[in-house]
Structure formats: structure tokens, C-alpha cells
Amino acid sequence: MSKTRVVILFGGRSAEHEISLLSARNVLNALDRDRFEPMLIGIDRRGQWHLESERTLAGATGNPRGLALDPAAPAVGVEAALVQSAPAAAESGDTVVFPVLHGTFGEDGTVQGLLDLADVGYVGAGVLGSAVGMDKEVAKRLLRDAGIPIVDFVLVTAAGFARDAQAALAPAARFGFPVFVKPSNAGSSVGVTRVRDGDGLGPAVRAALQFDRKVLIERAVDAREIECAVLGNDDPQASIPGEILVHHPDGFYSYDAKYVDAAGSSWKIPADIPPATAARVQELAVRTFRTLELSGMARVDFFLEKTGPSPALYVNEVNTIPGFTAVSMYPKMWEASGLSQKALLTRLIELALERRNARRVLKTGT
Ligand SMILES: Nc1ncnc2c1ncn2[C@@H]1O[C@H](COP(=O)(O)OP(=O)(O)O)[C@@H](O)[C@H]1O
Ligand SMILES: [Mg+2]
């Protein structure tokens, strides 16, 4: 049996560049080498693509070979790059790309579009699911329409805020304070502010507008952060839920609590929640996955209210390319559910091929 070539695509131009490198190393280490032949492509902070060796990914110095990939000529560029750089594997087996790219230009459908044009299969959601999953405002509208509980929000656009800031903020008065302000398209808590009073609202919106032209103001919920991993295409399955515990003085799962302060957060798998709540998390995770037209994988993040006799549960957001480091929640929740990292990667690659093959047989014209 010829091996399937797995192109691990990592790095990228987002704030999560470093996390992507850690994820890529972990994917490489956990990959079943009896079945898959890894190939590494790194995207540097300027957006240039390079063919990397396992040594350079491991941190050794060396000159990665430039791929001269021209994103302006995607079909030619990707195909040529993939085929030319590993001709031996190209002759025999299949090729699947594993985009281990978080945030903009990776998780948002752009790379997925490039790969669709080149007719290359890839792990995770397609163009539509990736783009919708990345845009919190569009995702929340679709979830609300499907009857899935979300935290109430107000949309502020760059144009609306520039025209009349006061009028743009006025609808959020119904939430009182505190509120959360966040860019619609971002991640890693970049641009997210917890606002205590009216004086802080304008500056927080202005800060968030640096990252996107759409900003959400949300009612603040005093909540536990529950996460659930979903795996599959047409028949998605949910893992055992986990919980993130935040210890950082910011008081929420901020950028510092995530990445800067090593003691800023900890995790617990399984989450310490009643079985009925866990079942509800899993049910909502799968419904969210279907509603947003995702495929392959996603981590669905929830807020579970801390108080009350029957605490409310909300879907906060989805991550279509969740962290894949050795200590990331997505692979760990599957491990706790009985799926090793190696088996998980094999399944993700199979799902990518299934999805590509199902699309290949569709008619594209008359
Ligand atoms: N409405 C909210 N109520 C309470 N906490 C929130 C709210 N929105 C965001 N947060 C806090 O901010 C963190 C980051 O927000 P999130 O919407 O998950 O954006 P990101 O995509 O950057 O992770 C959350 O994990 C949570 O700690
Ligand atoms: Mg989040």
C-alpha cells in the first residue's frame, strides 16, 4: 500500500504563529509513519511559503527551501509546489493537506479556497464552514436561527461607529455593565475587553475595530468555560467535555491568561459537571457543528453559568482548527474519550479524503 502524503501547513500571518509551530511539531510526532509520509510547509510572518525539513521545524537552524508559491496564481502554485517538492510520493499515493494554521489566512476559509482550486483534499472545514466559524457575528445569527442558545449581542460596524458613535453604542445599554467587547473575526482573545462602565465602552470598541470592521458588544455572563471536541463529516461525534479554569487577574480567558502567564489557566478533563449537563453540551456541540456546516473537526466552546438552580448553557464560539499542541484541549478531550492522538490524526486524514472524493463526483456543469 502506498503511503498518503500529509502536507502539514503551519506558521502563518496571524497572532497565533507560535502556537501553530507547536501544533505542527505535535502533529508530526503523532502521525502514523507506517501509513503517512509527512511533508512540511511553513508560512512565515510575511506570508511567504517555504518547504521545511523536520530539523527546521524542530528548531534547528537551516535554510528552508523557498517554495515561491504565488497565492495570486493559486491553482498552478499549489499543485506545482506539492508535486515538485516530493515527486516520489506524488506518483503513487494521495495527498492531504493538514492546515495547522490558526486565525486569519488559515482558519477563515482563505487557504481552504486555495486548496479547493487545486483539487487537494484537506483536514477540517471547507470554505463556507471555515469562514462562518471564524465570523462570530454570522455564526451567532445562524445558531440563534437554529434555536441554539447564544449570549445576546449588539453589532457595531466600523461605518456605523464612524458615522455616529453614540447611536452605534446605544442598543447595548440593555445589557448594563460589565459587557464584553470583541472583534467579530479574530481569536486568542486578541482585541477582547471586559468593560466595567460607560466610559470604557467607546475605547474598547475602537480597540476591537483595529482587528476587524465588525465588533460585538455582549452581555457578560459569569460563567465556567466548557469545551467539547467534535469529529466527523456527515455523522459528527462529540467527545467528553473538558473545562478551562482561569486563574489570571484579568478575570477572564484573556490573551495573557492563555499564552503569557503559565499559571493563568488550567484544565480539567472530564469537566466536573453533572452527566445531564455533559450530555446537553455534547448534543449542542453536534448541532452547532451541523448548523455551521463544518466538517472534519471543530472545538465548540461553551459558557456554563456559575450560579442558579439550573445554570444556563450557551455556545460561545467554534474553532475549526483548534490548537493541536501536546497539551491542547482538542486532542486531549479525544484521548480521554478513548482515541489516541495517532488514531485521531488517521481519522482526520480519512475524513479529508472522504470529503474530497464526495465532492469530486459532483457535476460541475452540464
Ligand atoms: N459574553 C461573555 N461573557 C463572559 N466572558 C466572555 C464573554 N465573551 C468573551 N468572554 C471571555 O473572553 C474570552 C475570549 O472570548 P472569545 O469570544 O472566546 O474570543 P476568542 O476567539 O478570542 O477566544 C472567553 O474565553 C471568555 O473568558
Ligand atoms: Mg475563545
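This passage describes a helix and the loop before it, a four-stranded sheet, and the surroundings of a ligand in a predicted model.

We may begin with helix α6, which spans residues 127-134 and is mostly covered, with six of its eight residues buried. The buried positions are Gly129, Ser130, Ala131, Val132, Gly133 and Met134. These residues pack against two helices, α5 (110-117) and α7 (136-145), and against two strands, β15 (296-305) and β16 (313-319).

Leading into this helix is a loop that starts from β6 (121-122), and Gly126 has its place there. Is Gly126 buried or exposed? With 21 C-beta neighbours inside 10 Å, and with 20 or more being enough for the buried class, Gly126 counts as buried. Leaving aside residues up to four places away in sequence, Gly126 touches Gln112 and Ser295. A separation of 16 Å lies between the C-alpha atoms of Gly126 and Asp235, two residues that are 109 residues apart along the chain.

Attention now turns to the sheet. Four strands form an open sheet in the order β7-β10-β8-β9, and their pairing is antiparallel. The edges are taken by β7 (153-157) and β9 (193-195); each has a single partner strand, so one side of each is left without a neighbour in the sheet. From one strand to the next, the twist averages 25°. Strand β7 is joined to β10 (residues 214-219) by five bridges, and these two strands run antiparallel. One of the residues involved is Phe153, whose bridge partner in β10 is Glu218. Helix α7 packs on this sheet, where it touches β7, β8 and β10, and the direction of α7 makes about 50° with that of β10. Helix α7 is also among the elements against which the buried residues of α6 pack.

The last part of the picture is the ligand. Which residues are closest to ligand 1? Of the 18 residues that surround ligand 1, the closest are Phe180, Ser189, Glu218, Phe252 and Tyr253. Strands β8 (179-183), β11 (223-232) and β16 are the elements that give two or more residues to this shell. By class, the shell is made up of nine nonpolar, four polar and five charged residues. Domain 2 (133-149 + 221-320) and domain 3 (153-219) each supply at least three residues to the shell. Glu218 thus appears twice in this description, as the bridge partner of Phe153 and among the residues closest to ligand 1. Strand β16 likewise recurs, as a packing partner of the buried residues of α6 and as a contributor to the ligand 1 shell.

Technical notes
Residues are numbered from 1 along each chain as its sequence is written. Chains are lettered from A and ligands numbered from 1 in the order in which they are written. This is a predicted model: local features need pLDDT of at least 70, side-chain atom pairs count only at pLDDT 80 or more; totals for chains, interfaces and linings use all residues. A residue is buried if 20 or more other C-beta atoms lie within 10 Å of its own, exposed if 12 or fewer, and partly exposed in between; C-beta atoms are placed from the backbone. Two residues are in contact if their C-beta atoms, placed from the backbone, lie within 7 Å. A residue is near a molecule or strand if its C-beta atom, placed from the backbone, lies within 6 Å of it. Ala, Val, Leu, Ile, Met, Phe, Trp, Tyr, Cys and Pro count as nonpolar, Asp, Glu, Lys and Arg as charged, and the others, Gly among them, as polar. Domain bounds come from an automatic or database domain assignment. Two strands pair if DSSP finds at least two bridges between them. Axes are lines fitted to C-alpha atoms, for helices over the stretch in contact, and angles run from 0 to 180 degrees between N-to-C directions.
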